[in-house]
Every structure is written in C-alpha cells, then in structure tokens.
Amino acid sequence: MKKLEEVLKDWEAVIGLEIHAELTTLETKMFCGCKLEFGADPNTHTCPVCLGLPGALPVPNKAAIESIVLAGLATNCDIEKRSMFYRKNYMYPDMAKNFQTTQGPVAFCMRGHLDLHVDGKAASERIDLEGLEPGDQGTGTAGNVTKTEDGYIAHVGITRIHMEEDAGKMVHVGGGEGRIAGATHSLVDYNRAGTPLIELVTEPELRTPEEARLFMQKLRQIYLAIGISDCSMEEGSLRCDGNVSLRRRGETKFGTKTELKNMNSFKNLHDGLAYEICRQAEVLEEGGIIYQETRHWDPSAKRTIVMRVKETADDYRLFPEPDLAPYDLTDEWIESVRAKLPELPDQKVERFGRTFGLSAYDARQLINDPQITSFFEECMEVAGKDAAKLAKPVANLAINDVAAYLNANFGTALDQTPLTAARAIELVKLLADDAISSKQAKEVFAAVMDQDKDPAAIVEERGMKQVSDTGAIEAVVDEIIAANPDEVARYKDGNTKVIGFFVGQCMKKMRGQGNPKLINQVLAQKLDQA
C-alpha cells in the first residue's frame, strides 16, 4: 500500500466530521431528572422516561438548550429561533425505547465555521499550496485555504450543531478487546441513555487527516472554554465519526464515502483517516469499487474493518416527536446566552501575542490544556513588570516540562503539585540569568516536583550554580587548547564542528558548572586567534 504523501499527489481526500460531545457539566439527563454520573454502578440512574416505559413523557432540560446555543455562538453559527425534535427509529439494545430523540432538518445551530491555523509539519500533508504566496485580503487564497508565512489557514464550514440524547453502553463479554465480534454475551447499562449530547457536523471541506485532527482539537478547546463538557475522550464524552472519500485531483464530483466510527483520540482520528485514504486509493487504482459502509479503526492492527453497510436517512423513519412541542427562542434569550461567552481560544491566542509578545504557535500550544493556560496566566501575574520578558521562557517551561509531567501523571491536578507560579518564575529567572544551564533547569524542575523545594535552594544544595566568571573560563579554555594541538589544527583547517569537543572538555574540567554559552564565545575567539 502506498504512503499517504504518495496517494495525495494523485488523489484529493474529501473529509467531513461528525463530533459528538456529552454535556457532562449538567446535573441531569436531557428529558428526565436522572443524575449524570460517569462510573456509577450499572443501571442505578434510570427512570421510566430513559427506559422508554409506556406512558412516560419527556421534559426538556433548559440548561442543555442553553449549552448548545452557547456552543453555536462560540463556533460562529446562526441560532435558529424555531426548531423541533424528531424520533430516529432503530432497534438495538442500547436504547430501550427503540428510538432516539434528536433534531430534524433544522437544528438549534446552523451555518457556522472555524478557521484552522495549520503550520510546521502539519502543513506538509496539504500538497496543493504550490504557487500561492502568503498575503492578506485574498492574496494567496485558493478555495478555503489562505497561505501564511509558516503554513496556511483553512476556513472550515459547520453545517449544523444539533441536540440529541446519548444511548446506553453495551459491554461485550468473552470476545477480544471487549468487542462484539467473538463475544459470548452482552450486557447493557442504561445510565448513559438520555445523556444530553450535541453533534457538530462539518461541511466536507477538510482535505487532510491533520486538518481533521486540528479541527477536533480546536473544538475541544472551545467546549472546555465555555464549560459545557469535560471532553474526556478516554471516558467517551467526546468522540468523532470521520467520513472520507477520494476523487482525482482536479475533479469536483464527490466519490463514495466510508465512515470511520467512534474515533476516541486525536491520533486514532488522524491514523484511521490516513489508512482509509490509502486503502481507498489502492482499491480504486486496481479497478475496484468503494462501497458506502461504516468501518472500525483497529489501532493495534493499524487498519480499518467493515462493521456494516451504511444506513440512509430513510432507514431511520424520522418523524416529529409528538411528545415535545417546537422550540421558539427569543432574541432576548439568545443575547442573554451570548453575554455568558468567556474569552474564546482564538481571542486568548491573540491576547497572548499582543500582551506578552508570544508567537501564534506558542500561544496555541499553551491553550491546548486549560490547566497549563491557567498556570501560564498565574505566572504572568507573579512576573509583574517582567511578564513580557519572561513570557517566552515560561511558555517553554509550560509547553515542554509541565505538559510532559501532566502526561506522565495522568489525572494529576497541576494546582496540587509542588510547582507554584512563584517557583516557575524563580526557575526561569535562574536560567535567564545564566545561573544554570538549560539541562540543569530540567534537573531542577524534576527536583521541585519530587522534593517540594524552591529552585534556588535546590541549585544551592547541589552546587549547580554556573561559573560565568570570564577570567576563570578563559584559564580553562587556554589549558584545553594547549593540551589538544591536533584538534586545534583540524579547526583551523575548516572543521568547525570540532568546537563541540572543546566545549565538552571544558565542561568536564569545570565539573559541568561552566556557562556553556560563555565557553562557546571564549573558545571561538581563542581558536580563531590560535
């Protein structure tokens, strides 16, 4: 099978996403008063409504309607004042009433968009940028893409965000990896049935797996910022279906699409789409036919597997929900929801650049995790008048060391660790003042987290403070140069890489406490004069 970059030279991928988010910050379900609680004992949060017992009538959750309108406003959607619920009929054990209550053709939120900033390695999957020059006001724009200095911006339309209820959870027993294939029997837990669920459907305007990953990542940032969901992909409160088809470059007609179901991580979404693009290309190039079907991504086998032939809308026999009246939202109510919008991720990125001089890339990395975002802002408050000067090193600490620590200690709250904003500022100041090297800074950070001590105290205890005395460094440099005439000759012959050898010898002589930046400067000067 060809690699993705080879396939995309001849074929254009057409990708659309369906992203489901449970409104986990609410107290109760969508149409009843049952408590929302992940991990509760099976079937302990159920009632006649969410079990679909005869005569039970649904009562809509007003807070859930507010949450979806908030999501729509945050994603540039038009809010439809009049909409209604429908019954989506299907018979499967995870929905006891044999239909799902969902919205029909008109949803609460319609016609939105998000702009994706794609740069660095992520931009390399998009191969149709040649000939475009970076520019503003339409210059360097083709289709929904505008080229920038370090990548491009993709304008991705949102068809709709609609409200529905989640199904129960099936537990398959006796099969491999908990899947239905090979299972001896299945159990069902209805605690999740009736959970408020919003589904965002994009236009088919994504062209690479990386764009799909970035879209889902950005949407997660928005949902976390407005506080409507915990967006836990591990617990299933955020999941994604990816639709993908291929067409020859230059063609406009859509190919037959397949759907990848329930992608539960950014990596799985990217890798699943990448594999499916390559698989479809292979089938088409061999004269085969792509069938409209639902497929499962198996991350261990790194391939997609057919689950079922794709249903059509007619299969669900949608009709208006007779037990729920249509919704009429007033302008006043919509504006009251708009007033609750917090600072959104794009606004925060712009503020970090304007206030602290951070690059857009660094700012976007900072907002990936709300804990890290809050930590950075606390650090800037502690830094006071030095905030702009220390913003970049603090951002580096947060993006690299702090993020790595949180990943390695999943579930740990940063505000419960020994790292405070004051200690972070102290650490970056030690590095900025050349009191310690970047390598030593990582050692100090690890010690702070392990020993609950201030950075300065750790540096003092371990005798880590760098020697930055020019006279002392010059004496060591002179000694090392004198002891290695052959290496000096190689340097003079043009092999400038040998300076690394001299730096290493000097650091060894100074027991790792020499200022490497100053050592490099003195060495370069002395070797040029030798």
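Let us start just after helix H10, where aspartate 434 takes a positive phi of about 60°. This is a predicted model, and that small detail of its backbone is a handy place to enter it. Step back into helix H10 itself, which covers residues 421–432. Its 12 residues, at 1.5 Å a residue, should span 16 Å, and the end C-alpha atoms are indeed 16 Å apart, so the expected and modelled spans agree. Several residues of H10 are buried: Ala421, Arg423, Ala424, Ile425, Leu427, Val428 and Leu430. What lies over them? The cover includes helix H8 (370–383) and helix H9 (387–408), along with helix H11 (438–451) and helix H12 (455–461).

Aspartate 434 has some company in its backbone angle. Asparagine 76, a residue other than glycine, has a positive phi near 65°. You will find asparagine 76 in the loop between helix H2 (62–74) and strand S2 (78–79), and its relative accessibility of 39% makes it partly exposed. Arginine 317 is not a glycine either, yet its phi is positive at about 50°. Arginine 317 sits in the loop that runs between strand S16 (303–309) and strand S17 (319–320). Is arginine 317 buried or exposed? With a relative accessible area of 53%, arginine 317 is exposed.

Now let us turn to a strand. Strand S12 takes in residues 196–202, and 7 of its 7 residues are buried. Follow the side chains along S12 and you will see Pro196, Ile198, Leu200 and Thr202 pointing one way, while Leu197, Glu199 and Val201 point the other way. Residues on both faces of S12 are buried. Which strands pair with S12? Strand S1 (residues 11–22) is joined to S12 by 5 bridges, and the two run antiparallel. One place to look is glutamate 18, whose bridge partner in S12 is valine 201. Strand S9 (residues 151–165) is also antiparallel to S12, with 7 bridges between them. In this pairing, isoleucine 158 stands opposite threonine 202 of S12.

Next come the aromatic rings. Across the whole structure, a search finds 9 aromatic pairs. One of them is made by phenylalanine 108 and tyrosine 327, which meet edge-to-face with 5.4 Å centre to centre and 75° between the planes. Phenylalanine 108 belongs to the loop between strand S5 (99–103) and strand S6 (109–119), whereas tyrosine 327 belongs to strand S18 (residues 327–328), so this pair ties together parts that are 219 residues apart in sequence. Phenylalanine 108 is buried, with a relative accessible area of 0%, and tyrosine 327 counts as buried at 12%. Another edge-to-face pair joins phenylalanine 501 and phenylalanine 502, at 5.5 Å centre to centre and 70° between the planes. In that pair, phenylalanine 501 is partly exposed at 32% relative accessible area, but phenylalanine 502 is buried at 0%. Returning to phenylalanine 108 and tyrosine 327, both are members of one aromatic cluster with Phe31 and Phe85. A ring can also meet a charge: the charged end of lysine 88 sits over the ring of tyrosine 316, 4.4 Å from its centre.

Our last stop is the salt bridges, of which a search of the whole structure finds 43. Arginine 87 forms one with aspartate 323, and their closest N and O atoms are 3.3 Å apart. Since arginine 87 is in strand S4 (residues 85–89) and aspartate 323 is in the loop between S17 and S18, the pair ties together parts 236 residues apart in sequence. Arginine 87 is buried, with a relative accessible area of 17%, while aspartate 323 counts as partly exposed at 34%.

Glutamate 276 and arginine 279 also form a salt bridge, with their closest N and O atoms 2.6 Å apart. Both of these residues lie in helix H4 (residues 266–285), and the 3 residues that separate them in sequence amount to about one turn of the helix. Glutamate 276 and arginine 279 are both buried. The side chains of glutamate 293 and arginine 295 meet in a salt bridge as well, at 2.6 Å from N to O, and both residues are buried. To finish, look for Glu22, Asp166, Arg192 and Arg239, which are linked in a network of salt bridges.

Key: Residues are numbered from 1 along each chain as its sequence is written. This is a predicted model: local features need pLDDT of at least 70, side-chain atom pairs count only at pLDDT 80 or more; totals for chains, interfaces and linings use all residues. Side-chain values use heavy atoms; hydrogens and water are left out. Buried means under 20% relative accessible area, exposed over 50%, partly exposed in between (1.4 Å probe, protein chains only). Helices (H or I, at least four residues) and strands (E, at least two) are DSSP runs, numbered from the N terminus. Two strands pair if DSSP finds at least two bridges between them. Rings of Phe, Tyr and Trp (its six-membered ring) pair if their centres lie within 6.5 Å; planes under 30 degrees apart count as stacked, over 60 as edge-to-face and the rest as tilted. A charge sits over a ring if NZ of Lys or CZ of Arg is within 6 Å of the ring centre and within 35 degrees of the ring normal. The expected span of a helix is 1.5 Å times one less than its number of residues. Contact means heavy atoms within 4.5 Å. A salt bridge is a side-chain nitrogen of Lys or Arg within 4 Å of a carboxyl oxygen of Asp or Glu.
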